[in-house]
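Let's take a walk through this one together, from a single pair of side chains out to the whole assembly. Have the viewer open and follow along.

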Amino acid sequence: MESSLALALIVLLPFAGSLAAAFLPSNARNAEAWLAGLIALACTALALALYGQVAAGGVPRFTLPWLPQAGLEFKLRMDGFAWLFTLLVSLMGALVVIYARYYLSPQDPAPRFFAFLLAFMGSMLGIVLSGNLVQLVVFWELTSFSSFMLIAYWYHRVEARQGARMALTVTAGGGFCLLAGVIMLGTIAGSYDLERVLAAGDAVRAHPWYPALLVLVLLGALTKSAQFPFHFWLPHAMAAPTPVSAYLHSATMVKAGVFLLARLWPVLAGTDLWFALVCGAGLASLLFGAAAALYQRDMKGVLAYSTISHLGLITLLLGMNSPLALVAAVFHMLNHATFKATLFMAAGIVDHEAGTRDLRRLNGLARAMPITATIATVAAAAMAGVPLLNGFISKEMFFAEAIFAGEGRPLRIGLPALATLAGVFSVAYSLRFVHQVFFGPLARDLPRAPHEPTRWMLLPGALLVLACLLVGIFPARTVGPGLSLAVASILGEDMPRYSLVVWHGFTLPFLMSAIALVGGVCLYLQRYFHGQQATGNAPLRLPFSGRRLFDMLIVAMHRTAERMVRFASSRRLQPQLFLIVCMALAVGALPLLARGLARGAAPPTPVDPVYLLPWLMGCACAVGAAVQAKFHRLAALIMLGGAGLFTALSFAWFSAPDLALTQVAVEVVTLVLLLLGLRWLPRRIELDDPDRRTRRARTRRARDLVIAIVVGGALAALSYAMLTRPRVAGLARFFADRALPEGGGHNVVNVILVDFRGFDTFGEITVVAIVALTVYALLRRFRPAPESVELPRAQKEAIELSGVRAFDPQARLPAGDLMIPAVLVRLLLPMAGLVAIYLLLRGHDAPGGGFVGGLVMAIALITQYMVGGAMWVEWRMRVHPQYWVALGLLAAGGAGMLAWALGRPFLASFDWHFALPLVGEVHLASVLLFDIGVYLVVVGATSLMLVALAHQSFRSPRGA
Amino acid sequence: MEALVSVAIGILCGSGLWLLLRPRTFQVIVGLALLSYAVNLFIFCMGRLVIGRAPIIGTDGVADPAAFADPVPQALVLTAIVIGFATTALLLVVLLAARGLTGTDHVDGRESG
C-alpha cells in the first residue's frame with residue numbers, strides 16, 4: 001500500500017468507525033468491541049507496516065489542500081517520534097477496547113462509549129501525525145471534546161458532569177491559548193507547516209514575541225498534561241469509566257501536552273525562560289502530585305495524583321534543555337503509559353469485582369484474586385522504580401539528569417535532593433497502593449464477594465506488565481530501536497550517546513534510587529504503624545489552590561456578566577427603542593452634516609396636481625393613524641390602509657407596477673390580519689385613561705414627539721437631497737443587458753427575483769414559510785385573556801337578530817346577514833384563482849409573478865372564510881395550507897436542483913421552446929417552476945397564518 | 001415631485017416612529033407598518049423618480065437602462081413587502097400571546113409603575 005494512503009487511513013479509520021459505532025444497537029457490546037478493536041489493530045498494523053520506511057529515515061507524508069488562501073494545507077506526516085506515538089495510541093487503544101468490553105455493564109449504552117472512544121483515538125492520532133500546527137490545534141480541541149463526552153459518560157452522576165465541565169473548561173481554555181501561540185509561531189516562521197517551523201528555531205528564539213508565545217504554548221501544553229497549577233481537573237476527571245481513565249487520563253491524552261513540548265523542543269527549548277517555566281511547573285507537579293497521592297482514599301485518586309507527578313517528571317526532563325534529558329523524557333512517556341494503564345485497569349477490576357475503590361475498606365484481595373494482585377504489584381513496582389522493571393531505567397536516567405541539569409549551587413544540590421524526595425514519595429504511595437489493597441487479611445464487609453474477573457479482562461493488563469518486564473530486563477533490544485528513532489527525529493544531527501542497560505555500576509543515580517527505595521519503604525512503614533490513614537486531603541496547605549481559583553473565577557465571571565447586563569441593558573422596550581432611534585439618528589446625521597444636504601443638480605420633475613390628492617390622503621392618514629392608534633384602533637387601522645394605498649399608488653406612479661400590485665395585495669392581507677388580532681386586545685377608552693395627565697407622561701410624549709419630528713424631517717431632507725441628485729447607473733445596466741438574452745424575460749424586476757437573485761428569493765420564501773409555521777405553532781398554545789373570551793357584542797347581536805345559534809353543516813349557504821355576499825364570494829373564487837394564475841404565468845414578461853399571484857389567491861381563500869365563517873368553509877373544502885407551503889418549497893428547490901442534472905450550478909436557469917398543436921409556440925423556463933414554488937409558498941403561508949388566527953375564535957372559555 | 005415624495009416619506013417615518021415609542025402593543029404594530037412604508041419608499045427612491053417607464057423590455061428587445069426605471073431597488077423592495085407582512089404577523093401573534101399570558105397589552109408585559 002502506498003505510504004501516504006496508509007497515513008490517511010490511520011486517521012480516517014477511527015473516525016469512520018466512530019460514526020459506524022454510533023448507529024449500532026445499544027446492547028451490541030460485542031459488535032462494538034469487535035469494531036473498535038479491529039480498527040485499533042488495523043491502525044497498529046498500518047503503523048507497523050510503515051516502520052521500514054520510517055526506520056530508513058523516510059518521512060511518509062499525506063497532503064490535501066485545506067485553505068490555500070490562508071496558506072494552510074491538511075498534512076499528515078510520520079517521523080520516528082510520530083511513529084512511536086501512533087503505535088502507543090493504537091496499541092493501547094486495542095487493549096483498552098478488550099478491557100472495556102468486559103468492564104461496561106449491559107445497562108451502559110455501548111454505542112455512545114465506543115463512538116466517542118474511537119473519535120478520541122482518531123483525534124489523538126491526528127495530533128500525533130499533524131504536519132501543520134493549526135491542524136494540530138484542531139485535533140487537540142477534538143480530544144478535549146471527546147474527553148468531555150467520555151468523562152460525562154455516566155451523566156446522571158453529579159461528579160461526572162462537574163468533572164467533565166471542569167476538564168473541558170481548563171483544557172479548552174488552554175487550547176485557545178495554544179492556538180494564539182501557534183499563530184504567533186506560524187507568523188514568525190512564515191508558515192504553519194511543522195517542518196518549516198521546526199527549521200526556524202533560531203529566528204523564533206531571537207524574536208521579541210518569544211516570551212509571549214512561549215507562555216501561550218505552555219499554557220496549552222500544561223493544562224492538557226494536568227501540570228501544576230492546572231492539575232486540579234485530572235482528579236475530578238476520574239469520574240469517567242475506568243477504561244477511559246486508563247486510556248485518556250494516563251496513557252494518551254494527558255501525554256499530548258508533553259508530546260507537544262517534545263515536538264516543539266527544537267524550536268522553543270534552549271533558553272533560560274524555557275528552563276525556568278517548564279522545569280518550575282514540572283518540579284512543582286512532581287513533588288505536589290507525589291505527596292498528594294500518599295493521602296488519597298480512592299484508588300483512582302492515588303493514580304490520578306501519581307499521574308500528575310509522573311507527567312511532572314517528564315515535563316521537568318523536557319525543561320532541562322539537554323538532549324539526554326529528552327531521551328529520558330520520551331522513554332518515560334512510554335514506560336508511564338504501560339504501568340499506569342495497567343494500574344488503572346487493576347483498579348477498575350477491583351472496583352468491578354469488590355464493589356469499592358476505597359483504600360480504607362479494601363484489604364487482602366490477593367487471596368481472592370491472585371492474578372490481579374500479581375499484575376498490579378508488578379506494575380506498581382515499575383511505578384516505584386524497582387530494578388529489572390522499565391520504570392527503574394527511565395527513573396535512573398532522570399536522576400542522572402537531575403544531577404547535571406542545574407547551574408549554580410542551589411540548583412546543583414537542590415534539584416537532585418528534590419528528585420530523590422519525589423522518588424521516596426513515589427515508592428511510598430506505590431507500596432501503599434498495593435499493600436493496602438492486596439495484602440493483609442481479607443476484608444470482610446465488601447459490597448461484593450471479590451473474585452478473579454474473566455480472563456479477557458486480565459489479558460490487557462497482563463500483556464502490559466509483560467512489556468514492563470521485558471523493557472526492564474532487555475531495554476536495548478526491546479525499546480531501543482524505536483526510542484532512538486523517535487529521539488533522532490526530534491534532535492536530528494545532535495543525537496547524544498546513551499546506553500540503555502540495567503546496570504551502570506555504583507553511580508550517584510543508583511545511590512539516589514536506593515535512597516528512594518529505602519526511604520519510601522521507611523516512610524510507608526512509619527505511616528502505617530502510626531495509623532496515619534488517608535485523610536483525602538493534600539498534605540500541603542497551599543495559600544491558594546488551582547481548584548479554588550477556578551471556582552472563584554467561574555463565579556466571578558457569572559457575577560460580572562450579570563452586573564454588566566444590569567448596567568448596560570433594560571428589560572423595558574421603550575428606552576431600548578428610544579436609544580436605538582437616537583443612535584441611528586446620530587450615526588446618520590454625522591456624515592451628512594459634514595457633507596451637506598443641499599439640493600442636487602438633477603432637473604426637477606414637474607408636480608402633477610393629480611398626484612397631490614393621494615399625497616394629501618396618504619400624509620393625513622399616516623398622521624391620523626398615529627394619533628388614533630391608542631383609543632380608536634379600527635379607525636387607525638383603516639387609516640393605516642389609506643397610507644398603504646398611497647404607498648402603492650406612488651409605486652405605480654413612479655414606474656413600479658410590480659411593487660404596486662404586491663403592495664395592494666399585501667395591504668389587504670395585513671388589514672385582515674390586524675382585524676383578526678383586534679378582538680384579543682383589551683378595551684381602552686380615552687376618558688378613563690389615568691396616565692395621560694401626569695407630568696411625567698406629558699414630558700415623555702413631548703420628548704418622543706420631538707424625536708419623531710426630527711427623525712422624520714431628517715429622512716425627508718435626506719430623501720430630497722438624494723432625489724435631486726443625478727441618477728447613478730449602478731447595477732441597472734448589468735441586469736437590463738442580461739435580462740432578455742440570459743434570463744429570457746422582459747420584466748427585469750421579475751427576472752432579477754427568480755433568476756439573477758434566485759437564491760436570495762429562495763431564502764426569502766423559506767423565511768416566509770418558517771414564519772408561517774411559527775405563527776401556527778405559537779397559536780396552538782395561545783391563551784386569550786379572560787375578558788376577551790366572551791363573544792363580541794356585534795356577533796351576539798347578529799345571532800339574536802337572525803335567530804340562528806348553532807352552525808348547520810347541511811346548510812347550502814351560511815345563514816344570517818351574509819347570505820348574499822356568500823353567494824358572490826363563491827362565484828369570485830374561481831375567477832380570483834384565474835387572475836392569480838394569470839398574474840403568475842405572465843410575471844416573467846409583464847407585471848405580475850409568484851408573489852402577487854399567491855397573495856391574490858390567498859385573498860380569495862380568506863374571503864371565503866370571512867364571509868362564510870371558518871366552520872362552514874372547512875366543512876366543504878380542506879385547504880391544507882401546510883401542504884401548499886411544503887410543495888412550494890419543494891418546487892422551488894427542485895427547480896434549482898434541476899440545473900444540477902444539466903451540470904449547471906444551483907438555480908441556474910434554462911428554457912425550452914417548442915410548438916404545440918392549437919396552442920402555438922410554448923416557452924417553458926425552469927424559472928417558471930421556481931415562480932410556481934414562490935406562488936405556492938405565499939398562498940400557503942398567508943392562508944396558514946390568517947386561518948390559524950381566525951380559528952382562535954373557537955377557543956372555549958376553558959382556555960382562559 | 002421630489003419635494004412631495006420626500007415630505008411624504010418624512011411624515012410616514014415620523015408617524016411610525018412616534019407610534020413605535022408608545023407603550024401599547026397595537027400602537028407598536030401600526031408604527032412598524034408605517035415605518036416600513038417609509039423605508040420601502042425610501043429604498044425605492046434610490047432609483048430616482050421616473051414616470052411612465054416601467055422596467056419592462058419592449059418587444060423590440062432593446063434594453064437601454066436609461067430608458068426605464070432602475071429595476072434593482074424595485075426587486076429589493078418587492079421581497080421586503082412580503083417579508084414585512086410575515087414579520088408583522090409574527091409580531092402580532094407574539095404580542096397577542098403575551099397579552100394572554102401577562103394580562104396586559106403593555107409592551108413590557110406589565111404596566112409601568
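A good place to start is A:R566, which counts as exposed because its relative accessibility is 62%, and the cut-off for exposed is over 50%. Keep in mind as you look that this is a predicted model. The side chain of A:R566 meets that of A:E562 in a salt bridge, 4.0 Å from N to O. A:E562 comes out as partly exposed, at a relative accessible area of 47%. Why do these two sit about one helical turn from each other? Both belong to helix α25 (residues 546-568) of chain A and are four residues apart, so about one turn separates them.

You can find a similar arrangement further along, in helix α31 (residues 732-739) of chain A, where A:D737 and A:R733 are also four residues apart, about one turn of the helix. Their side chains meet in a salt bridge at 3.6 Å, N to O. A:D737 is partly exposed at 33% relative accessible area, and A:R733 is partly exposed too, at 43%.

Now for a pair that reaches across the chain. A:E195 and A:R61 meet through their side chains in a salt bridge of 2.8 Å, N to O. A:E195 lies in helix α8 (residues 194-199) of chain A and A:R61 in strand β1 (residues 61-67) of chain A, so this pair ties together parts that are 134 residues apart in sequence. With a relative accessibility of 25%, A:E195 counts as partly exposed; A:R61, at 37%, counts as partly exposed as well. The pair also has company: A:R61, A:K75, A:R77, A:D79, A:D193, A:E195 and A:R263 are linked in a network of salt bridges. Over all chains, the structure holds 19 salt bridges. As a general point, side chains of opposite charge can pair when their charged atoms come close.

Let's leave the charges for a moment and look at the rings. Over all chains there are 29 aromatic pairs. Pick out A:F113 and A:F114: their ring centres are 5.3 Å apart and their planes stand at 85°, so the pair is edge-to-face. Are these two buried or exposed? Both A:F113 and A:F114 are buried. They also belong to one aromatic cluster, together with A:Y153 and A:W154.

Another buried spot worth a click is A:G482, found in helix α23 (residues 480-491) of chain A. Its relative accessible area is 11%, so A:G482 counts as buried. Which residues does A:G482 contact, once neighbours within four places in sequence are left aside? The answer is A:W83 and A:L84. A:A55 is 427 residues from A:G482 in sequence, yet the two C-alpha atoms are 8.5 Å apart in space.

Zoom out to chain A as a whole and you'll see 39 helices and four strands. Of its 960 residues, 53% count as buried. Among the contacts in chain A with a separation of 6 or more, residues 24 or more positions apart account for 78%.

That leaves the interface with chain B. Here 112 residues of chain A are in contact with 87 residues of chain B. The two chains bury about 9000 Å² between them, and 75% of that is on carbon and sulfur atoms. On the chain A side, A:F654, A:L723 and A:R727 supply 9% of the area that chain A buries against chain B, more than any other three residues.

Charged and polar pairs show up at this boundary too. Between chain A and chain B there are three salt bridges, one of them between the side chains of B:D108 and A:R572, at 3.7 Å from N to O. The count of residue pairs in polar contact between the two chains is 21. Which helix gives the largest share of the side of chain A that touches chain B? Helix α30 (residues 695-723) of chain A does, with 15 residues. Taken by type, the residues on that side of chain A divide into 72 nonpolar, 19 polar and 21 charged.

Notes
Residues are numbered from 1 along each chain as its sequence is written. Chains are lettered from A and ligands numbered from 1 in the order in which they are written. This is a predicted model: local features need pLDDT of at least 70, side-chain atom pairs count only at pLDDT 80 or more; totals for chains, interfaces and linings use all residues. Side-chain values use heavy atoms; hydrogens and water are left out. Contact means heavy atoms within 4.5 Å. Buried area is the accessible area (1.4 Å probe) that two parts lose on being put together, summed over both. A polar contact is a pair of N or O atoms within 3.5 Å; within protein, one must be able to donate a hydrogen and the other to accept it, and residues adjacent in sequence count only if both atoms are side-chain atoms. Ala, Val, Leu, Ile, Met, Phe, Trp, Tyr, Cys and Pro count as nonpolar, Asp, Glu, Lys and Arg as charged, and the others, Gly among them, as polar. Rings of Phe, Tyr and Trp (its six-membered ring) pair if their centres lie within 6.5 Å; planes under 30 degrees apart count as stacked, over 60 as edge-to-face and the rest as tilted. Buried means under 20% relative accessible area, exposed over 50%, partly exposed in between (1.4 Å probe, protein chains only).
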